[in-house]
Amino acid sequence: MNIETLLVEEISQTLHHLYGEIIGLKVSLEKTKPTFNGDFTLVVFPFVRYSKSSPEETAKQIGEVLCKKEEIFSSYNVIKGFLNLNISTTLWLNYFNQFEATSTDTLKGQKIMIEYSSPNTNKPLHLGHIRNNLLGYSLSQIMKANGADVIMANLINDRGIHICKSMLAWQRFGNGETPESAAIKGDHLVGKYYVVFENKLVEATSEAIENAYHGNWTSDDNTINERYRDLLTRLSEAEEDKQISKIKGLIKDLVRNQSELMQSCQEMLRKWEAGDEEILQLWSTMNSWVYDGFDSTYKNLGVSFDKFYYESNTYTLGKDIVQEGLASDVFFIKEDNSVWIDLSDKGLDEKLVQRGDGTSVYITQDMGTAELKYKDFHIDRSIYVVGNEQDYHFKVLFLIMKKLGRPYAEGMYHASYGMVDLPSGKMKSREGTVVDADDLLQEMYNTSKAKTEELGKTQGMDDSELDILYKRLSLAALKFFILKVDAKKRMLFNPEDSIDFQGDTGPFAMYTYARIKSILRQQQAENSSYSDLELHSTEVDVIKTLSEYSTVLKNAANEYNPSGLCQYILDLAKSFNRLYNELSILKEPDLQKKNFRLQLAKKTSDTLSHSMGLLGIEMVERM
RNA sequence: GACCUCGUAGCUCAGCUGGAUAGAGCAACUGCCUUCUAAGCAGUAGGUCAUAGGUUCGAAUCCUAUCGGGGUCGCCA
């Protein structure tokens with residue numbers, strides 16, 4: 001049993017004994033603040049009305065009774081309404097004896113799908129994807145460590161206008177270039193042609209756009225002209241800068257969409273949908289280049305998937321659900337034949353679920369895919385690791401599935417995370433401020449190599465060992481840096497200052513681990529149990545921290561957030577480092593104490609590697 | 001315009017199911033390597049927890065308003 005649960009039970013009994021039945025009162029116990037003496041603190045204010053005496057008096061009464069249980073409590077002190085309790089050495093040793101860094105069974109029997117990564121196939125992965133991948137992978141490991149049966153899924157967006165852009169640019173300007181001939185990664189090559197397309201489009205339309213802002217533009221299509229004139233009127237009436245730039249943006253899109261390049265692109269998409277052999281061939285070739293590139297990035301990043309879904313297979317799904325929703329009056333049709341759902345009873349708007357021409361929108365596909373996932377695996381929970389810009393989308397999706405009476409709707413969850421910002425603001429591909437995933441990984445590798453060489457502690461390690469060290473060290477730094485921040489919050493990444501290797505970092509935790517391993521190489525810990533041993537305060541601290549592990553593990557799963565785990569790892573590493581500095585392990589003359597410390601070190605290192613593993617970080621024995 | 005979200009030390013972040021004197025790391029400054037790995041440890045300095053009200057014995061934490069950043073809102077995924 002968890003130590004806090006045990007204590008809460010003891011305290012509840014005592015309260016009952018002292019004051020009779022106290023209904024509905026939760027005993028909340030917290031860790032004593034470091035400035036006070038004690039292990040745990042009970043706030044007694046809530047009990048004053050039952051004790052009918054002052055807070056100090058009440059605390060004293062409770063403390064007096066509790067400390068009669070010598071095998072649990074050793075002493076207490078009272079400051080104002082706070083009862084600080086000291087735990088007996090015997091109890092700490094009990095916990096020490098049975099402690100093991102192991103999984104919990106909180107989610108046993110649950111089948112959970114975690115969808116993450118979900119890239120488009122027209123560009124290489126960037127820093128934003130890295131946060132997504134690290135969160136998704138880590139959440140999967142955390143759910144597994146709580147006993148769940150986890151399916152890691154990746155829904156690849158392999159179709160649509162963005163891929164056609166790369167394809168068209170490659171067709172026209174590529175001269176048959178391949179990843180081999182150009183000697184670059186496939187995803188980067190395809191990304192290169194996406195950029196070529198965008199540049200050519202700017203070249204071809206910038207003049208026309210400028211003219212269009214001033215009213216000097218026409219199209220062959222009369223309905224387009226009508227929309228254009230309408231926008232011009234709105235532009236002349238607009239006053240706020242925000243409004244003006246928004247309308248200008250719409251005009252820009254209008255002109256661009258009418259350009260030869262975009263028209264050809266649309267044509268290509270139509271041909272793709274019609275199953276044109278040549279287009280399909282090109283499409284699958286270029287996608288395969290991208291997949292090769294992604295594979296390598298995923299591998300370097302240390303993430304993996306059990307199941308791939310491809311949008312080219314799923315984009316038509318959901319239409320039957322739309323029909324079903326119409327039949328059951330969950331959806332309704334407007335004059336133009338478009339299908340909608342009214343969510344105003346839930347405080348939201350009406351939402352389009354199918355266009356007037358019968359084609360799908362994003363949410364149509366997502367409805368279909370949700371159904372597919374359930375049919376494929378009969379999952380209890382379906383988790384989507386997707387950025388918080390889609391909070392609204394998922395709110396709507398889940399509501400729709402509930403309204404449609406899907407039994408699995410309750411198990412759907414959007415693990416929403418914040419964007420990664422640069423000091424200059426948001427990453428923008430047009431402005432070239434995107435931090436490429438492969439570049440970043442390479443830079444981290446170089447940095448970890450440089451830092452290691454600076455320290456010069458790697459005598460006797462051969463090149464392949466060093467390579468593993470640099471890789472793991474760089475990944476530890478990067479992963480910890482990203483996962484340490486509360487997933488829901490946006491975070492800042494400054495490419496100018498490299499990620500730290502000192503202080504609250506992944507390498508710090510690794511270092512603590514390597515130090516322990518160095519000791520254990522010299523002498524192994526023998527398994528034995530302890531019932532009576534004089535403990536140093538740093539030793540108690542380490543045991544105390546170890547005993548919190550299972551709670552931390554559960555919370556990380558409940559909150560869909562690995563950051564608590566990171567904080568815990570730092571706590572544990574710090575408390576062990578304090579011990580390491582205060583006490584000698586190998587040179588301790590008392591053999592019982594010495595072995596106890598060796599075991600404590602062993603359990604600490606096991607916990608460090610178990611918890612870091614859940615972040616997707618692999619340890620090294622030496623560094 | 002509406003809705004969501006964030007605002008804590010110079011910087012990056014914890015703390016947020018209400019509890020004591022608000023914590024780390026980085027950067028700055030002091031100490032500690034002939035003793036188990038100094039990627040470490042100990043210490044100094046740095047705060048009107050955006051602002052103003054409210055609820056409470058008690059508010060960084062809950063509520064309301066204001067200011068500021070970010071995001072979303074009928075056909076991009």
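Which side chain meets Asp 187 in a salt bridge? The partner is Lys 185, with N and O lying 3.3 Å apart. Before going further, please keep in mind that this is a predicted model. Within the pair, Asp 187 is buried, with a relative accessible area of 1%, whereas Lys 185 counts as partly exposed at 24%.

**Salt bridges across the chain**

The pair above belongs to a wider set: the count for the model comes to 26 salt bridges. As general background, side chains of opposite charge can pair when their charged atoms come close. Three of the pairs are set out here.

| Pair | Closest N to O | Relative accessible area |
|---|---|---|
| Lys 373 and Glu 115 | 2.5 Å | Lys 373 0%, Glu 115 5% |
| Asp 187 and Lys 185 | 3.3 Å | Asp 187 1%, Lys 185 24% |
| Asp 421 and Arg 490 | 2.6 Å | Asp 421 8%, Arg 490 60% |

Let's take the pair of Lys 373 and Glu 115, which form a salt bridge. Lys 373 sits in helix H15 and Glu 115 in strand E5 (residues 111–115), so this contact ties together parts of the chain that are 258 residues apart in sequence. Lys 373 is buried, because its relative accessible area of 0% falls under the 20% cut-off. Glu 115 is buried too, at 5%.

Asp 421 and Arg 490 also meet through their side chains in a salt bridge. Here again distant parts of the chain are linked: Asp 421 belongs to strand E13 (residues 420–421), while Arg 490 lies in the loop between helix H18 (463–483) and E14, 69 residues away. Asp 421 is buried, but Arg 490 counts as exposed. Elsewhere, salt bridges with shared partners join Glu 324, Glu 371, Lys 375 and Arg 406 into one network.

**The surroundings of the RNA**

How many residues surround RNA strand B? There are 56 of them, and the closest are Arg 355, Lys 457, Tyr 511, Tyr 580 and Leu 583. By character, the residues of this surface divide into 23 nonpolar, 14 polar and 19 charged. Several elements each supply at least two residues, including strand E2 (40–43), helix H15 (362–377), helix H17 (437–455) and helix H22 (563–582). Helix H19 gives the most, with seven residues.

On the RNA side, 62% of the strand B atoms within 4 Å of the protein belong to sugar or phosphate, and the rest to bases. Two side chains show the sugar or linking oxygens in contact: a polar side-chain atom of Tyr 511 lies 2.2 Å from one such oxygen, and a polar side-chain atom of Lys 574 lies 2.4 Å from a sugar or linking oxygen. A base takes part as well, with a base nitrogen 3.0 Å from a polar backbone atom of Ile 585.

**A three-stranded sheet**

Finally, a look at one sheet. Three strands form an open sheet in the order E8-E9-E10, with antiparallel pairing. Strand E8 (331–333) and strand E10 (350–354) stand at the edges with a single partner strand each, so one side of each has no neighbour in the sheet. From one strand to the next, the twist averages 40°. E8 is joined to strand E9 (residues 339–342) by three bridges, and Phe 332 has Trp 340 in E9 as its bridge partner.

How values were computed
Residues numbered from 1 in each chain as written. Chains lettered and ligands numbered in written order. Predicted model: local features only at pLDDT ≥ 70, side-chain atom pairs only at ≥ 80, totals over all residues. Heavy atoms only, no water. Near = heavy atom within 4 Å. Polar contact = N/O pair within 3.5 Å; in protein donor to acceptor, adjacent residues only side chain to side chain. Helix = DSSP H or I, 4+ residues; strand = E, 2+ residues; numbered from the N terminus. Nonpolar A, V, L, I, M, F, W, Y, C, P; charged D, E, K, R; others polar. Salt bridge = Lys/Arg side-chain N within 4 Å of Asp/Glu carboxyl O. Buried < 20%, exposed > 50% of the residue type's maximum accessible area, 1.4 Å probe, protein only. Pairing = 2+ DSSP bridges. Axes fitted to C-alpha atoms, helices over the stretch in contact; angles between N-to-C directions.
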